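The exercises below are meant to be worked with the sequence and the coordinates side by side. Try each task before reading the solution that follows it.

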Amino acid sequence: DKTGMLSYTNQVLNTMQGYLCVSRPRRFGKSTAANMLTAYYSCGCDSKALFSGFKIAKDKDFEKYLNHYNTISLNMQEFLSRSKEIGQVIDRVRRMLLRELKNSYPDVDYFDDTDLVESLQDIYAATKQSFVIIIDEWDCVFREYQQDKKAQEEYLDFLRDFLKDKVY
């Protein structure tokens, strides 16, 4: 039962400690953990029955956080495998997310619907509902571009702009 991770995540959600990195050796369930987090937090599904037999269901905050968040779940390895260089990876992530956001929130008045950060801010302003962002294989860029410091910096700049100190 790995749902204790959810109890901890609930405690740090919406705090400065809310930026979590789950680091484990390969083949130790990081993707499964990412999928569990997505199923628990996503308001796009009803997963109460899925978690009912696990430790998290007995937690006092179980239902407080269950399926209450807009959830973005990315697997960076999938984007990397479809791109030849880091700029293409970042552009593909942006375009895919913007398409999903526009489809999911068609009534939002977007200031600039080509800007990912501004679009997320516009959605948050309209809905007052936070996003939980889960990035699986976030470090694959560092494995693939081990010798390319410029590519690594470009990727980190993208993540920083996308995630750091954002109200959404």
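**Exercise 1.** Which residue follows helix 7, and what is the sign of its phi?

*Solution.* Please bear in mind throughout that this is a predicted model. Stepping past the end of helix 7, one arrives at Lys-128, whose phi is positive, near 55°. Most residues other than glycine have a negative phi, and Lys-128 has its positive value although it is not a glycine. The residue belongs to the loop between helix 7 and strand 2. Because exposed means over 50% relative accessible area, Lys-128, at 61%, counts as exposed.

**Exercise 2.** Compare the expected span of helix 7 with the distance between its end C-alpha atoms, then describe how the helix starts and what it packs against.

*Solution.* Begin with the length: helix 7 covers residues 116-127, which is twelve residues. The expected span is 1.5 Å times one less than the number of residues, so helix 7 should span 16 Å, and its end C-alpha atoms are indeed 16 Å apart.

Next, look at the start of the helix, where a side-chain oxygen of Asp-115 comes to within 3.1 Å of the backbone nitrogen of Val-117. Val-117 is itself among the buried residues of helix 7, together with Leu-116, Ser-119, Leu-120, Asp-122, Ile-123 and Tyr-124.

Finally, follow these buried residues outwards: they pack against two strands and two helices, namely strand 1 (70-75), strand 2 (131-136), helix 6 (86-104) and helix 9 (149-163).

**Exercise 3.** Describe how helix 1 and helix 2 are placed relative to each other, and identify the residues that make the contact.

*Solution.* The axes of helix 1 (residues 4-12) and helix 2 (residues 30-41) come within 10 Å and cross at roughly 60°. An angle of 65 to 115 degrees would count as roughly perpendicular and one under 35 as roughly parallel, and the two helices are therefore oblique to each other. The crossing of helix 1 past helix 2 is right-handed. On the helix 1 side the contact involves Met-5, Leu-6, Thr-9 and Asn-10, while helix 2 contributes Ala-33, Met-36, Leu-37, Tyr-40 and Tyr-41.

Each of these five helix 2 residues also appears in the list of buried residues of that helix, which further includes Ala-34, Thr-38 and Ala-39. Besides helix 1, the buried residues of helix 2 pack against helix 3, helix 4 (62-65), strand 1 and strand 2.

**Exercise 4.** Is Ser-42 buried or exposed, and which residues beyond its sequence neighbours does it touch?

*Solution.* First place the residue: Ser-42 sits in the loop between helix 2 and helix 3 (48-51). Its relative accessible area is 14%, so it is buried. Once neighbours within four places in sequence are set aside, its contacts are with Asn-67, Tyr-69 and Thr-71.

**Exercise 5.** Examine Asn-14 and Thr-15 in turn, giving the location and accessibility of each.

*Solution.* Asn-14 lies in the loop between helix 1 and helix 2, and its phi is positive, about 65°, although the residue is not a glycine. With a relative accessible area of 62%, Asn-14 is exposed.

Thr-15 is likewise placed in the loop between helix 1 and helix 2, but its relative accessible area of 33% makes it partly exposed. A polar atom of the Thr-15 side chain lies 2.5 Å from the backbone oxygen of Val-12.

Terms used
Residues are numbered from 1 along each chain as its sequence is written. This is a predicted model: local features need pLDDT of at least 70, side-chain atom pairs count only at pLDDT 80 or more; totals for chains, interfaces and linings use all residues. Side-chain values use heavy atoms; hydrogens and water are left out. Helices (H or I, at least four residues) and strands (E, at least two) are DSSP runs, numbered from the N terminus. Buried means under 20% relative accessible area, exposed over 50%, partly exposed in between (1.4 Å probe, protein chains only). Contact means heavy atoms within 4.5 Å. A polar contact is a pair of N or O atoms within 3.5 Å; within protein, one must be able to donate a hydrogen and the other to accept it, and residues adjacent in sequence count only if both atoms are side-chain atoms. Axes are lines fitted to C-alpha atoms, for helices over the stretch in contact, and angles run from 0 to 180 degrees between N-to-C directions. Angles under 35 degrees count as roughly parallel, over 145 as roughly antiparallel, 65 to 115 as roughly perpendicular and the rest as oblique. A crossing is left-handed if the near helix is turned anticlockwise from the far one by less than a right angle, and right-handed if clockwise.
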